[in-house]
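This briefing is for a reader who has not met the structure before. It covers the domains, the interface between them and the aromatic pairs.

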Amino acid sequence: MRVLSGIQPTGRFHWGNYFGAIRQYIALQDNEQAFYFIADFHALTTIRDAARLREYTYEAAVDLLALGLDPAKATLFRQSDVPEVTELAWLLMTVTPMSWLEKCHAYKDKLAKGLPADVGLFAYPALMAADILIYDSQIVPVGSDQKQHVEITRDMAQRFHSYYGEVFTLPEAYILDESAKVPGIDGEKMSKSYNNTIEIFEPPKKLRKKVMSIKTDSTPLEAPKNPDTCAVFALYRLFATPEQQAELAERYRAGGMGYGEAKKLLYEAAMEYFAEARERRAQLEQQPDFVEDVLRTGARKARSKAQEVLARAREACGLKPRPVA
Ligand code: ADP
Ligand code: TRP
């Protein structure tokens, strides 16, 4: 099965991104033909700073490789290295009613907040549809907020088919397990937009400081505490074995342990959990050519598939085959 997903390089990856998405992408690489890309075209709808976009795009690749994405199994590439997607997005836009895009949440939410939206944000689902259709993707693992976009992708493909005949493979969304909504340091959902993230590769000192700053209630040290309502415990669960979780839950309930102690355990568990990835990351940092090479090799493979599907779409709607340059 062709599995495909994209992740926007709008910042450094955090624990929410890892447990909510990246870990699951990596697990799929063993059994499926996975294509993963860094959605730099999409990130342009939020980042308008060339140096930052370059940095986040590169760091995203390094992070993914360090976390275990294996280029021998999965194809990793930069979205913008396959320019054919923008062309397919155009073809799809010509069969997409305005009303479909008006309902899409990225645009709708921005309007609802009274913020001006640009055409790129409005048309964002058409580019995402092109990303999916251009590789004959069958399974698209995404968070539940992206489900609407995969549905619209199917609608666009079917609309195109109704005019021009069958061209595309219809994809299915595979909704990632978000049961572990990862809380941020303020206890709300961890998200870049809330400024409450803990990045996966935070330097140890900064990591410790962030962990120590996680919001807790004012239950006194001696008193019993409730692990089920505590962000420190919710985060600890992500890193700890069931036995370790049970042990810490017991200490919460027994009283006599302060939140500082739980935070220390969380810090240690997180350091241990990502220790290997940190080592791999340190090595990759010394090998920028290797990282670039992985992205280029990935793009070559992705692009050859994209050209094949785009050629089918061009031919179906009456465009001449592109002359060989
Ligand atoms: P952010 O909210 O920080 O901007 P993104 O929207 O770029 O993060 O999320 C990328 C992926 O990470 C999505 O698949 C999303 O579902 C997942 N994700 C982000 N934050 C969390 C979280 N706190 N808990 C679980 N999954 C998350
Ligand atoms: N829009 C997705 C997000 O914000 C990223 C993305 C772009 C994507 N193109 C895609 C995800 C294609 C899956 C398939 O998370």
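How many residues of domain 1 are in contact with how many residues of domain 2? In this predicted model, 5 residues of domain 1 touch 8 residues of domain 2.

**Domains**
- The domain assignment divides the chain into domain 1, made of 2-181 + 287-317, and domain 2, made of 202-273.
- Between the C-alpha centres of domain 1 and domain 2 the distance is 36 Å.

**Interface of domain 1 and domain 2**
- Domain 1 and domain 2 bury about 500 Å² between them, and carbon and sulfur atoms give 86% of that area.
- On the side of domain 1 that touches domain 2, the residues are 4 nonpolar and 1 charged, with no polar ones.
- The number of salt bridges between domain 1 and domain 2 is 0.
- For polar contact across this interface, the count is likewise 0 residue pairs, with both residues required to be at pLDDT 80 or more.

**Aromatic pairs**
- The whole structure holds 21 aromatic pairs.
- One of these is formed by Tyr-18 and Phe-274, which meet edge-to-face, with 5.1 Å from centre to centre and 80 degrees between the planes.
- Tyr-18 belongs to helix α1 (residues 15-28), while Phe-274 sits in the loop between α12 (259-273) and α13 (275-285), so the pair ties together parts that are 256 residues apart in sequence.

Methods: Residues numbered from 1 in each chain as written. Chains lettered and ligands numbered in written order. Predicted model: local features only at pLDDT ≥ 70, side-chain atom pairs only at ≥ 80, totals over all residues. Heavy atoms only, no water. Domains from an automatic or database assignment. Contact = heavy atoms within 4.5 Å. Buried area = accessible area lost by both parts, 1.4 Å probe. Salt bridge = Lys/Arg side-chain N within 4 Å of Asp/Glu carboxyl O. Polar contact = N/O pair within 3.5 Å; in protein donor to acceptor, adjacent residues only side chain to side chain. Nonpolar A, V, L, I, M, F, W, Y, C, P; charged D, E, K, R; others polar. Phe/Tyr/Trp six-rings, centres within 6.5 Å; stacked < 30°, edge-to-face > 60°. Helix = DSSP H or I, 4+ residues; strand = E, 2+ residues; numbered from the N terminus.
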